[in-house]
Amino acid sequence: MKKLLNSLFVTSPDVYLSLNGENIVVKKEKERIGRVPLHNLEAVYTFGYSGASPSLMGACAEKDISLVFLTKNGRFLARVIGESKGNVVLRKTQYRISDDEQLSATIARNFIIGKIYNNKWILERATRDYSLRIDVSLFKETSKRLSETIQEVGSVRDLDLLRGYEGQAAIMYNKVFDQMILQQKEDFFFKGRNRRPPLDNVNAMLSFAYTLLANDVATALEGVGLDAYVGFLHRDRPGRASLALDVMEELRGVYADRFVISLINKKVVNNNDFVAKENGAVIMTDQSRKKFLKAWQDKKQEKIKHPYLGEKISWGLVPHVQSMLLARHLRGDLDEYPPFLWK
Amino acid sequence: MDSNEEADLLLSGIQHFQFCKRQWALIHVEQQWEENVRTVEGQHIHKKADQPFIKEKRKNKLIVRALPVQSDELGATGICDVVEFIEDKDGVPIQNSKESYVPVPVEYKRGKPKKDNSDILQLTAQAMCLEEMLLCEVSVGYIFYNELKHRVEIPITHLNKVKVRQMFREMHSYFDDRHTPKVKTGPHCKSCSLQNVCLPELMKKQSVSKYIERKINE
């Protein structure tokens, strides 16, 4: 199994990254402020307009280190990708299936099953852990209805219908989401999902977490030779990593939502970490983004048992493993794509 | 087989194919490891073929390193580590030389002789390329094993040539269909460098449909 290495997050926009031997050197106004050996790194994320030398980009591409440029607020700008991993055969299969709505639906179905299943177990886990704080009967009822939806999705062979079920399930889940926020209720609440821009603290964090996750998934997909931009559930749209969004569906809840909720419940973040702009847009402060990234890294190191492989892996490797399993299905080794079914 | 460069397979693939057909397909059909193979081969050859353009002459021997070879019959191409051209009246004339020579391929291997005959088949394939390119007969070759620190003489036999032809036919048919054979697990999986890509253990797992069914009914 692939090893999970460190990610380097560069949050100051006024630094320059360069290559020195086998090291990445971080400079600020020509002064050296950091130095990290490349062989310890799996990914480098820069926020804001940090520069990077072409030789560093080349070294990253060569060593399979993903070098990602994001805006200050975490919106994706660019990724340095080396020579595309061989495997033309795999990509062509991916494109063929993507062109066929019905074939796409059989794979997309499993992404959605994964998503609803995981969200159901998020609710179940909450009723177990916080039975005194949440409306258990409402949660149980929602969980039951999600189970029913999963059963129905099982026989769907149509993309639009799938999206319909997914939408329904999302509404049910979002309705009770707010109850899982158990601390700092006056500053953190969830009344529904909004983005571009996020209008409250919770949505600001969710957006950031989804961006990080989408990047991890896209990198993992490219790493096993798949094209992150050609999806099955999400159809092609210029500049959209559709397949990354597909695979991410099943991970949004268990990976990102739970992470955000725990930051609030453990009071890692508080209201001072957010700034509301004049138009209502809420953005995270530099300080809070650093805390967020630190916690995100820690989360990646946590171990879980992969439900299908039965192997212990770290959370950070889940995108890689799912990508690999998807590739194995496309190549005809596995009868279906095995979604990550968390409990 | 017509002379179509595009369709040529790598001679070194014989080793992978003999080891595991799936491993060969992952490398040569799916290019899962192409980069590594290329790099490793590059380094491997580079070491001994520092100066492939300098011919070495020792008494009655002309030593040529990193010689690219090809065979239309096999639809294969590759590089011989070393080919020794031995002066011989019954040999063939070669470029830039007045004498006649018999070519003798020498392949360098890191370890010691393997249990299977993949090294021998690779050498045989090289000999077949030389025969085709130079219109001559190659009756013997050598494999230098680094661990033994000496070379082992290998007769180029009719039987092995038949085997090589048959293997390349099979490889071409997989290649043309872009087919990757399913996993056949075995003790060889333990020493396979593509374990992480192949995931042989997966084959012993339950079907995915059963997995989903079990999980959602739990």
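## A buried valine at the start of a helix

V318(A) counts as buried, because its relative accessibility is 0%. This is a predicted model, so every value here is computed from predicted coordinates. You can find V318(A) in helix α9 of chain A, which covers residues 318-330. What does V318(A) contact, leaving aside its neighbours within four places in sequence? Its partners are L251(A), I304(A), I313(A) and F340(A).

Try following the chain from V318(A) to L330(A), which is twelve residues apart from it along the chain. The C-alpha atoms of these two residues are separated by 18 Å. Both of these numbers, 318 and 330, are also the ends of helix α9 in chain A.

## A buried leucine in a strand

Now move to L17(A), which sits in strand β2 (residues 15-20) of chain A. Is L17(A) buried or exposed? L17(A) counts as buried, because its relative accessibility is 0%.

The C-alpha atoms of L17(A) and K27(A) are separated by 6.3 Å, although the two residues are ten residues apart along the chain. Which residues does L17(A) touch, not counting those up to four places away in sequence? Among them are V10(A), V25(A), V26(A) and V44(A). The list also includes T46(A), G51(A), A52(A), S53(A) and L56(A).

## A buried glutamine

Q297(A) belongs to helix α8 of chain A, which runs over residues 286-301. Its relative accessible area is 13%, and the cut-off for buried is under 20%, so Q297(A) is buried. Not counting residues up to four places away in sequence, Q297(A) touches N6(A), S7(A) and F9(A).

## Helices α3 and α4 of chain A

Next, look at a pair of helices: α3 (residues 101-129) and α4 (residues 136-153), both of chain A. They pack at an angle of about 165 degrees, with their axes 9 Å apart. Why are α3(A) and α4(A) described as roughly antiparallel to each other? Angles over 145 degrees count as roughly antiparallel, so α3(A) and α4(A) fall into that group. The crossing of α3(A) and α4(A) is left-handed.

On the α3(A) side, the contact includes R109(A), I112(A), I113(A), I116(A), Y117(A) and L123(A). On the α4(A) side, the residues include V136(A), F139(A), K140(A), L146(A), I150(A) and V153(A). The residues of this contact between α3(A) and α4(A) divide into eleven nonpolar, six polar and four charged.

## Helices α6 and α7 of chain A

Here is another pair to find: helix α6 (residues 201-223) and helix α7 (residues 242-265) of chain A. Their axes come within 8 Å and cross at roughly 140 degrees. That angle makes α6(A) oblique to α7(A). The crossing of α6(A) and α7(A) is right-handed.

Residues of α6(A) in the contact include V202(A), M205(A), L206(A), A209(A), Y210(A) and L213(A). They belong to a set that meets residues of α7(A), including L243(A), V247(A), L251(A), R252(A), D257(A) and I264(A). How do the residues of the contact of α6(A) with α7(A) divide into nonpolar, polar and charged? There are 20 nonpolar, no polar and two charged. L251(A) has appeared before, as one of the residues in contact with V318(A).

## Two residues with positive phi

Most residues other than glycine have a negative phi. With that in mind, take a look at K267(A), whose phi is near 55 degrees, a positive value. K267(A) lies in the loop between α7 and β9 (274-276) of chain A. K267(A) is exposed, because its relative accessible area is 53%.

In chain B, A66(B) also has a positive phi, near 50 degrees. A66(B) is found in strand β3 (residues 61-71) of chain B. Is A66(B) buried or exposed? A66(B) counts as buried, because its relative accessibility is 17%.

## Chain B as a whole

How many helices and strands are in chain B? There are seven helices and seven strands. Starting from the N terminus, the elements follow the order β-α-α-α-β-β-β-β-α-β-β-α-α-α.

Chain B has 218 residues, and buried residues make up 44% of them. Consider the contacts in chain B between residues at least 6 apart in sequence: 60% of these join residues at least 24 apart. Chain B exposes about 12,300 Å², with carbon and sulfur atoms supplying 51% of that area.

Terms used
Residues are numbered from 1 along each chain as its sequence is written. Chains are lettered from A and ligands numbered from 1 in the order in which they are written. This is a predicted model: local features need pLDDT of at least 70, side-chain atom pairs count only at pLDDT 80 or more; totals for chains, interfaces and linings use all residues. Side-chain values use heavy atoms; hydrogens and water are left out. Helices (H or I, at least four residues) and strands (E, at least two) are DSSP runs, numbered from the N terminus. Buried means under 20% relative accessible area, exposed over 50%, partly exposed in between (1.4 Å probe, protein chains only). Contact means heavy atoms within 4.5 Å. Accessible areas come from the Shrake-Rupley method with a 1.4 Å probe; for residues, only the protein chains shown count as cover. Axes are lines fitted to C-alpha atoms, for helices over the stretch in contact, and angles run from 0 to 180 degrees between N-to-C directions. Angles under 35 degrees count as roughly parallel, over 145 as roughly antiparallel, 65 to 115 as roughly perpendicular and the rest as oblique. A crossing is left-handed if the near helix is turned anticlockwise from the far one by less than a right angle, and right-handed if clockwise. Ala, Val, Leu, Ile, Met, Phe, Trp, Tyr, Cys and Pro count as nonpolar, Asp, Glu, Lys and Arg as charged, and the others, Gly among them, as polar.
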